[in-house]
Amino acid sequence: MNVLEGIRARNFLVIGRVGMDLSPDPAGTRTRDASSMMVAMGGSSANIAAGLVKFGCKAALVTKVSDDAVGWYCLGQLDHYGIDRGHVKTVTGEYRTSLAVYETRVEEHQSVIYRNNAADFQMDIANVEAVDYASYGALITAGTVFAAEPSRSAAFRAFELARASGLPIIFDVDYRPYSWPSPQVAEEVLSRAGSLADVIVGNDEEFGFMAGGIDKGLSKARDLAGSSAAIVVYKMGPEGAITFSGGEQIRTGIYPVDALKPTGAGDSFMAGLLASLSEGRDMRDAVLRGSACAAIVVSRPGCAPAMPDTEQLEAFLASHPGPTPV
């Protein structure tokens, strides 16, 4: 399988949650002091899909939302961003679409995420078996889909079906402890998902977590690149990233900005990286463009609304002094 060929089809199947984000308005306001809130679409997978569509790619989402006002809001937002929601199903009963309340501030930042009886965890094998994988170029998912059943089994089944159709599997580790029953289960399941992926993106803590220690994370990333994955991006926050691809080890910096908030950076990085690779750009350029997207998103309110399009990314790159040296 040619991983880059699948990405260059610019037609992505994205598995995972969409949710509602609330953030105190104006920027800088603490939640405890809020009198009004900005409302936006959120959820890692939906954010990635929105970012890809803004860059002219196609993206379809596979998940479940609650059959209520919050779920309907999310369906409307998917339409607003041009994300195909033909595989987004509703679920009734006590299940609820995720809600995130986060502050647009860096200092003493608070994010409170409601994942009790999460609707997206009700995605099941029937949902993923209803998809025509051959009509897409690549599959993308983030680690949260593996945190509970039946979503976990469904996601692994989607991996099997994608592999059978020749689609590369793109995996954002995205470890969120609050979603998992225990760190031990998370380590085992995320490691299994990582071993099945062709492209893996994670930060130093996430790779360290899968390896059983923060000091072992870089070795874990290198091992995955040497055994099963074609591209592994090991992100190190302000220190930039190390990308393993084609036997090369590529070190890149970041684009410093005055950050408004810490949220949304990883989703934007993934969208920018994949969109750039889909345009035929080389790996270093694609990683740097992903890093620039992350910088743009942390400097604006909201997550999905803050995702740049091509024109905004080019304007940012033209006006920024450039990435930090490595």
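This is a short talk about the strands, helices and a few local details of one protein chain.

Hi everyone. Before we start, please keep in mind that we are looking at a predicted model.

Let's begin with the sheets. How many strands form the open sheet that runs from β5 to β13? Nine of them do, in the order β5-β4-β1-β8-β9-β10-β11-β12-β13, and the pairing is mixed. At its edges you will find β5, residues 84–91, and β13, residues 248–252, each of which pairs on one side only. If you go from strand to neighbouring strand in this sheet, the average turn is 15°, ignoring direction.

Let me zoom in on one pair of neighbours. Strand β9, residues 169–172, runs parallel to strand β10, residues 199–203, and three bridges join them. Put your finger on I170 and look across: its bridge partner in β10 is V199.

Now for the other sheet. An open sheet of four strands goes β3-β2-β6-β7, again with mixed pairing. Which strands stand at its edges? They are β3, residues 37–42, and β7, residues 111–114. Each has a single partner strand, so one side of each has no neighbour in the sheet. Here the average turn between neighbouring strands is 20°, direction ignored.

Inside this sheet, β2 (residues 19–24) and β6 (residues 99–102) run parallel and are joined by three bridges. L22 is the residue that stands opposite V101 in β6. A helix joins the picture too: α3, residues 69–81, packs on the sheet and touches β2 and β3. The direction of α3 makes about 70° with that of β3.

On to the helices and how they pack against one another. I have picked three pairs.

The first example is α2, residues 44–54, with α9, residues 265–278. Their axes are 8 Å apart, and the packing angle is about 40°. That value is neither under 35 degrees nor in the range from 65 to 115, and therefore we call α2 and α9 oblique to each other. The crossing is right-handed. Who meets whom? On the α2 side we have S44, N47, I48, G51 and L52, and they meet D267, M270, A271, L274 and A275 of α9. Sorted by class, this contact has six nonpolar residues, three polar ones and one charged one.

Next come α7, residues 204–211, and α8, residues 217–227. Their axes come within 7 Å and cross at roughly 80°. Angles from 65 to 115 degrees count as roughly perpendicular, so that is how α7 stands to α8. F207, G208, M210 and A211 make the contact from α7, while G217, K220, A221 and L224 make it from α8. Five of these residues are nonpolar, two are polar and one is charged.

The last pair is α5 with α6, and α6 covers residues 183–196. Are these helices roughly parallel or roughly perpendicular? The axes come within 11 Å and cross at roughly 10°. An angle under 35 degrees counts as roughly parallel, so α5 is roughly parallel to α6. From α5, the contact uses R152, F156, F159 and R163; from α6, it uses V185, V189, R192, A193 and L196. This contact has six nonpolar residues, no polar ones and three charged ones.

Hold on to F156, because we will use it again in a moment. The model has seven aromatic pairs. One of them is F146 with F156, a tilted pair with 4.7 Å from centre to centre and 50° between the planes. F146 sits in the loop between β8 (138–142) and α5 (151–164), F156 is in helix α5, and these positions lie ten residues apart in numbering, so to speak: they are ten residues apart.

To finish, here are some backbone details for you to look up on the screen. That loop between β8 and α5 also holds P150. The peptide bond from E149 to P150 is cis, with omega near 5°. Another cis peptide bond joins D25 and P26, with omega of about 5°, and P26 lies in the loop between β2 and β3.

And what about R10? Its phi is near 60°, a positive value in a residue other than glycine. You will find R10 in the loop between α1 (3–8) and β1 (11–15).

That's my tour. Thanks for listening!

Key:
Residues are numbered from 1 along each chain as its sequence is written. This is a predicted model: local features need pLDDT of at least 70, side-chain atom pairs count only at pLDDT 80 or more; totals for chains, interfaces and linings use all residues. Side-chain values use heavy atoms; hydrogens and water are left out. Two strands pair if DSSP finds at least two bridges between them. Helices (H or I, at least four residues) and strands (E, at least two) are DSSP runs, numbered from the N terminus. Axes are lines fitted to C-alpha atoms, for helices over the stretch in contact, and angles run from 0 to 180 degrees between N-to-C directions. Angles under 35 degrees count as roughly parallel, over 145 as roughly antiparallel, 65 to 115 as roughly perpendicular and the rest as oblique. A crossing is left-handed if the near helix is turned anticlockwise from the far one by less than a right angle, and right-handed if clockwise. Contact means heavy atoms within 4.5 Å. Ala, Val, Leu, Ile, Met, Phe, Trp, Tyr, Cys and Pro count as nonpolar, Asp, Glu, Lys and Arg as charged, and the others, Gly among them, as polar. Rings of Phe, Tyr and Trp (its six-membered ring) pair if their centres lie within 6.5 Å; planes under 30 degrees apart count as stacked, over 60 as edge-to-face and the rest as tilted.
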